[in-house]
Amino acid sequence: QADGTLDKLYLAFSRDSAGSKVYVQHLLLQNAEETRQLILEDGAYIYVCGGVKMGHDVQEALKQILEPVVVDNTNDNKP
């Protein structure tokens, strides 16, 4: 992990007819704490490939994940 090697992989298949649909935004929300840490502490980059609606849904999930941090930081600046 220290050398940048991928050590986790979450797969989302929304068109898999054999099982239930799994969406990227749902995986992000299920792993919200890990996602938050990767973005804020580890400097992770997020690349989204897919349809416009999927990209919007992922963006909304990321807003939900990061919102507590933004709200907390905003409150820290108030007297």
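A salt bridge is taken here as a side-chain nitrogen of Lys or Arg lying within 4 Å of a carboxyl oxygen of Asp or Glu, and by this rule the count in the structure comes to four salt bridges. The structure is a predicted model, and the mean pLDDT of its protein chain is 84, with 82% of the residues reaching 70 or more. The chain has three helices and zero strands, and three of its salt-bridge pairs are described below, including the one between Lys 8 and Glu 34.

**Confidence**

- Confidence is lowest in helix α3, which covers residues 52-76 and has a mean of 83, and it is highest in helix α1, which covers residues 24-30 and reaches 95.
- As a general caution, where pLDDT is low, the predicted coordinates should not be read in detail.

**Overall architecture**

- Followed along the sequence, the protein chain shows the pattern α-α-α, and strands are absent, their count being zero.
- Of the 79 residues in the protein chain, 15% count as buried.
- The accessible surface of the chain comes to about 6600 Å², and carbon and sulfur atoms account for 54% of that area.
- Among the contacts in the chain with a separation of 6 or more, 50% are made by residues that stand 24 or more positions apart.

**Salt bridge between the segment before α1 and helix α2**

- Lys 8 forms a salt bridge with Glu 34, in which the closest N and O atoms are 3.2 Å apart.
- Because Lys 8 lies in the segment before α1 whereas Glu 34 belongs to helix α2, this pair ties together parts of the chain that are 26 residues apart in sequence.
- Lys 8 is partly exposed, with a relative accessible area of 45%, and Glu 34 also counts as partly exposed, at 24% relative accessibility.

**Salt bridges within a helix**

- In helix α2, the side chains of Arg 36 and Glu 33 meet in a salt bridge with an N to O distance of 2.6 Å, and the two residues are three positions apart, about one turn of the helix.
- The partners in this pair differ in burial, since Arg 36 is buried with a relative accessible area of 16%, whereas Glu 33 is exposed with a relative accessible area of 55%.
- In helix α3, Glu 60 and Lys 63 are joined by a salt bridge between their side chains, at 3.3 Å from N to O, and these residues too are three positions apart, about one turn of the helix.
- Glu 60 counts as partly exposed at 30% relative accessibility, and Lys 63 likewise counts as partly exposed, at 46%.
- In general terms, side chains of opposite charge can pair when their charged atoms come close.

**Surroundings of Arg 36**

- Arg 36 is found in helix α2, which spans residues 32-40, and this arginine counts as buried because its relative accessible area, 16%, falls under the 20% cut-off.
- A polar atom of the Arg 36 side chain lies 2.9 Å from the backbone oxygen of Ile 65.
- When neighbours within four places in sequence are left aside, Arg 36 is in contact with Glu 41, Ile 65, Leu 66, Pro 68 and Val 69.

**Ile 39 and Gln 30 in relation to residues later in the chain**

- Ile 39 lies in helix α2 and, not counting residues up to four places away in sequence, touches Ala 44, Ile 46, Leu 62 and Leu 66.
- The C-alpha atoms of Ile 39 and Leu 66 are separated by 9.0 Å, although the two residues are 27 apart along the chain.
- Gln 30 is found in helix α1 and counts as exposed, with a relative accessibility of 62%.
- Gln 30 and Ile 65 stand 35 residues apart in sequence, and their C-alpha atoms are 9.9 Å apart in space.

**Nonpolar surface**

- Leu 6, Leu 9, Leu 11 and Phe 13 make a nonpolar surface patch of about 470 Å², and one of these residues, Leu 11, has its place in the segment before α1.

How values were computed
Residues numbered from 1 in each chain as written. Predicted model: local features only at pLDDT ≥ 70, side-chain atom pairs only at ≥ 80, totals over all residues. Heavy atoms only, no water. pLDDT = per-residue confidence, 0-100. Helix = DSSP H or I, 4+ residues; strand = E, 2+ residues; numbered from the N terminus. Buried < 20%, exposed > 50% of the residue type's maximum accessible area, 1.4 Å probe, protein only. Contact = heavy atoms within 4.5 Å. Areas by Shrake-Rupley, 256 points an atom, 1.4 Å probe, with all protein chains shown as cover. Polar contact = N/O pair within 3.5 Å; in protein donor to acceptor, adjacent residues only side chain to side chain. Patch = residues over 30% accessible without salt bridge, like charges linked within 9 Å, V, L, I, M, F, W, Y side chains within 5 Å.
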